Amino acid sequence: MNTPVIATNALTKRYGPHAALTDVTLDIPAGRIVGLVGPNGAGKSTLLALAAGLIRPTSGTVEVLGNRPAADAEQLARVGFVAQDTPVYAQLTVADHLKLGEKLNPRWDPGLAEERLRQTGLDPAKKAGRLSGGQRAQLALTLAAAKRPELLIFDEPVAALDPLARRSFLQSLMEFVADMDVSVVLSSHLIADVERVCDHLVILAESRVQVAGEIDDLTAAHHRIVGPRGSLDELPAGVQVIAAEHTPRQSTLVVHDTTGGRLDLPGAEPIGLEDMVLTYLHRAEGPAAPILQETAR
Amino acid sequence: MIDFHLEPRSGVAPYMQLVHQVQQALRLGMLTVGDQLPTVKQVVAKVAINPNTVLKAYRELERQGLVAPKPGRGTFVTATLAGDDLDAHAALRAGLDQWIARARAAGLADDAIRALFDTTMRRTAQEP
């Protein structure tokens, strides 16, 4: 299990003159739940589609579980991918979906699929087109889980769901992860959800990776420093300034301490995950950056 | 058995929130020696958090000598924080009541009192 679930090197995807993904080099370890965050158009879906093998890179490389994405039937069976808006076949019933899944997937686990249907209360006779958004997401998760994949990829699984459906989807997903030896990569712009379920973070903005790492390490290494103007002009080596704001009297910095030690500066405070993410997004997009959608209240 | 919850905007890492909740339950006597903590699967199914977060919290509690895993059976409480500590609470709370009253009498608003408390906590935490 030491093969990275996703490893990319200088991965780039262009659509004509438009760069969807630029020079992305990532090493995502196995056994994690990875949150891919960033504003719309940052390249999240492009990265996930590359990992799922739905599109090919313009340049650079991507490996999933040590192989080329979608290289063969074996590789396809190892990865479960759920696209944005959890597409299902509207005219088919829930039971039909399970039958299809059983026919199409060599490692299909019918017991797991039925058990999950029972837990989620999905009616097998109901047509998928008549399911609510939350039920559709649960069906998609059931199908992806019963494949028994080593890696599950979700593109914005909860974006369209109401808070209750979102929570119950995440509960089901976490229960599945606790049961199985599975890695998960999911994109989201709901930072509160990412903080809840993810332990590894990739921040994507303007088609580039801004920062990536274990969430606990990242939050421990990022600080906000407030001090009198001019007192913060010189920082120890290895301390990178992500954002700086000045008033005539006061300077406020957000810094990333890359030394791995303990930052010993007066006025340094830990910074929460949400502020850290927003700081990177603002840096990437300039002061006119759109504010990330916060958790639904 | 205790229930966990998560406060996403508290700024406290999720695994530490679980650690604090167990410590709090131990202090208040809601958990005692021999009690079982919820299994990882029970916690993630209820709170919708990463299983690794629960494991990390349980490892931290183990490091603090408060719980121990029994292979195949679960994680059990091995020490308590109630007792002397709980008795001390009452005296400390009375002292704090008086201190807050003095601060208010001196004209401090509640926000100012909290800020003073927080900065003092941080300052004393940083001192060796």
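What follows is a short chat about the sheet of chain A and the contact between chains A and B.

Reader: Before we start, what kind of model is this?
Author: This is a predicted model, in which local features need pLDDT of at least 70 and side-chain atom pairs count only at pLDDT 80 or more, while totals for chains, interfaces and linings use all residues. Residues are numbered from 1 along each chain as its sequence is written, and chains are lettered from A in the order in which they are written.

Reader: OK, in what order do the strands of the open sheet in chain A run?
Author: The order is 5-6-7-3-8-9, with six strands and mixed pairing; strands are DSSP runs of E with at least two residues, helices are runs of H or I with at least four, and both are numbered from the N terminus. Two strands pair if DSSP finds at least two bridges between them.

Reader: And which ones are the edge strands?
Author: Strand 5 (79–82) and strand 9 (208–214) of chain A, each of which pairs on one side only.

Reader: How many bridges join strand 3 to strand 7?
Author: Four bridges join strand 3 (residues 33–37) of chain A to strand 7 (residues 183–187) of chain A, and the two run parallel; A:Val34 stands opposite A:Val185 in strand 7 of chain A.

Reader: Switching topic, how many residues of chain A are in contact with chain B?
Author: 19 residues of chain A are in contact with 15 residues of chain B, where contact means that C-beta atoms, placed from the backbone, lie within 7 Å.

Reader: Which helix of chain A gives the most to that side?
Author: Helix 6 of chain A does, with eight residues.

Methods:
Contact = placed C-beta atoms within 7 Å.
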